[in-house]
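Colleague: I would like to go through this structure slowly, one question at a time. Could you take me through your reasoning at each step?

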Amino acid sequence: MIVTDAVSSYLAGLRPEPDPVLAEMQAQGERERIPIVGPETGMLLHVLAAVGGATRVVEVGTAIGVSTLYLARALAPGGTVVSFEIDEARHAAAREYLGRAGVLDRADLRLEDARTGLASLAGPFEMAFIDGVKAQYSEYLDELLPLLGSGAVLAVDNVLMSGSVAEGKGDGHWSDEQVAGARAFNRRLLGDERLTGTVTPVGDGVLVAVAR
Ligand SMILES: C[S@@+](CC[C@H](N)C(=O)[O-])C[C@H]1O[C@@H](n2cnc3c(N)ncnc32)[C@H](O)[C@@H]1O
């Protein structure tokens with residue numbers, strides 16, 4: 001746990017009830033152990049997109065569309081979130097859920113490896129969210145940086161890996177290798193002169209940065 005049990009329970013008590021579609025998505029995520037964002041991370045993404053009035057957002061790792069839903073609901077009129085996923089069943093589930101949630105017109109879901117998909121996009125984007133395979137984070141960042149306009153927001157999930165990243169070793173769920181990779185990635189990103197960012201202990205650790 002990154003925050004204490006007391007803080008975690010308190011935050012859980014503040015959460016609004018999810019709408020029926022989001023509740024179904026969360027239930028599928030839990031049942032099938034799909035690593036979707038929790039409500040606090042989801043709302044952080046929503047706020048970041050809304051505060052900047054984002055109309056062009058790009059996401060790596062749709063899974064079944066939970067984070068995409070939080071982002072899509074925050075978009076300014078006419079906005080779109082382009083989201084990449086390589087798992088066909090998850091991509092199809094996201095399409096179905098986002099259709100029922102009434103935001104499919106704002107979601108450009110692509111069944112494609114983000115490493116090639118990002119290279120085919122034209123910027124600028126106002127926000128990006130990285131939540132794919134942890135070992136590929138640096139590759140996503142390389143492709144994303146040229147797509148971000150000045151003032152664009154970048155959010156990256158799981159940068160603390162249940163706290164293991166601070167401990168410097170794996171915990172059974174996260175491996176030593178993943179932890180070492182996350183530590184290198186965090187240092188790289190926070191030291192990149194094209195970005196200004198910070199790590200927040202929200203959810204599994206969310207790095208938020210702004211493009212200069
Ligand atoms: C952590 S889950 C995404 C969860 C989602 N962002 C959410 O919170 O609702 C990561 C997803 O990235 C997908 N993925 C892995 N490698 C990818 C790649 N190279 N390009 C696109 N998607 C990828 C996986 O199949 C998986 O569904």
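Colleague: How many aromatic pairs does the count come to?

Modeller: Please keep in mind that this is a predicted model. Two rings are taken as a pair if their centres lie within 6.5 Å. By this rule the count comes to 2 aromatic pairs.

Colleague: Is the pair of Tyr 137 and Tyr 140 stacked, edge-to-face or tilted?

Modeller: Tyr 137 and Tyr 140 both lie in helix H7, which covers residues 137-144, and they are 3 residues apart, about one turn of the helix. Planes under 30 degrees apart would count as stacked and planes over 60 as edge-to-face, with the rest called tilted. The ring centres of Tyr 137 and Tyr 140 are 6.2 Å apart and their planes stand at 45 degrees, so this pair is tilted.

Colleague: Is Tyr 140 buried or exposed?

Modeller: The word buried is used under 20% relative accessible area, and exposed is used over 50%. The relative accessibility of Tyr 140 is 3%, so this residue counts as buried.

Colleague: Which residue forms an edge-to-face aromatic pair with Tyr 137?

Modeller: Tyr 137 has a relative accessible area of 4%, which makes this residue buried. In its edge-to-face pair the distance is 5.4 Å centre to centre, with 70 degrees between the planes. Because one ring belongs to helix H7 and the other to helix H9 (residues 176-191), the pair ties together parts that are 48 residues apart in sequence. The partner of Tyr 137 in this pair is Phe 185.

Colleague: How many bridges pair S1 with strand S2?

Modeller: Strand S1 covers residues 56-60, and 4 of its 5 residues are buried, so this strand is largely enclosed by the rest of the structure. Strand S2 covers residues 80-85 and pairs with S1 in the parallel sense. One of the matched positions joins Glu 59 to its bridge partner Ser 83 in S2. The pairing of S1 and S2 runs over 5 bridges.

Colleague: Through which helix does the chain cross from S1 to S2?

Modeller: The path from S1 to S2 makes a β-α-β crossover, and this crossover is right-handed. The helix on the way covers residues 66-74 and is H4.

Colleague: Which residue in S4 stands opposite Val 58?

Modeller: S1 also runs parallel to strand S4 (residues 125-130), and 4 bridges join the two. In S4, the residue that stands opposite Val 58 is Ala 128.

Colleague: What is the form of the peptide bond from Gly 123 to Pro 124?

Modeller: Pro 124 has its place in the loop between helix H6, which spans 114-117, and S4. The omega angle of the bond from Gly 123 to Pro 124 is near 0 degrees, and the bond is cis.

Colleague: Is Ala 63 buried or exposed?

Modeller: Ala 63 has its place in the loop between S1 and H4. Its phi is near 50 degrees, a positive value in a residue other than glycine. With a relative accessible area of 12%, under the 20% limit, Ala 63 is buried.

Colleague: And what about Arg 33, which also has a positive phi: is Arg 33 buried or exposed?

Modeller: The phi of Arg 33 is about 50 degrees, although this residue is not a glycine. Arg 33 is found in the loop between helix H2 (20-31) and helix H3 (39-51). Its relative accessible area is 76%, so Arg 33 is exposed.

Colleague: Which residue forms a salt bridge with Arg 73?

Modeller: By the rule used here, the count comes to 11 salt bridges. In the one formed by Arg 73, the closest N and O atoms are 2.8 Å apart. Arg 73 lies in helix H4 and its partner in the loop between H1 and H2, so the pair ties together parts that are 54 residues apart in sequence. The partner of Arg 73 is Asp 19.

Colleague: How far apart are the closest N and O atoms of Asp 131 and Lys 134?

Modeller: Asp 131 is buried, and Lys 134 is buried as well. Their side chains form a salt bridge, and the closest N and O atoms are separated by 3.2 Å.

Conventions
Residues are numbered from 1 along each chain as its sequence is written. This is a predicted model: local features need pLDDT of at least 70, side-chain atom pairs count only at pLDDT 80 or more; totals for chains, interfaces and linings use all residues. Side-chain values use heavy atoms; hydrogens and water are left out. Buried means under 20% relative accessible area, exposed over 50%, partly exposed in between (1.4 Å probe, protein chains only). Two strands pair if DSSP finds at least two bridges between them. A crossover is right-handed if, with the strands pointing away from the viewer, the path from the first strand over the helix to the second runs clockwise. Rings of Phe, Tyr and Trp (its six-membered ring) pair if their centres lie within 6.5 Å; planes under 30 degrees apart count as stacked, over 60 as edge-to-face and the rest as tilted. A salt bridge is a side-chain nitrogen of Lys or Arg within 4 Å of a carboxyl oxygen of Asp or Glu.
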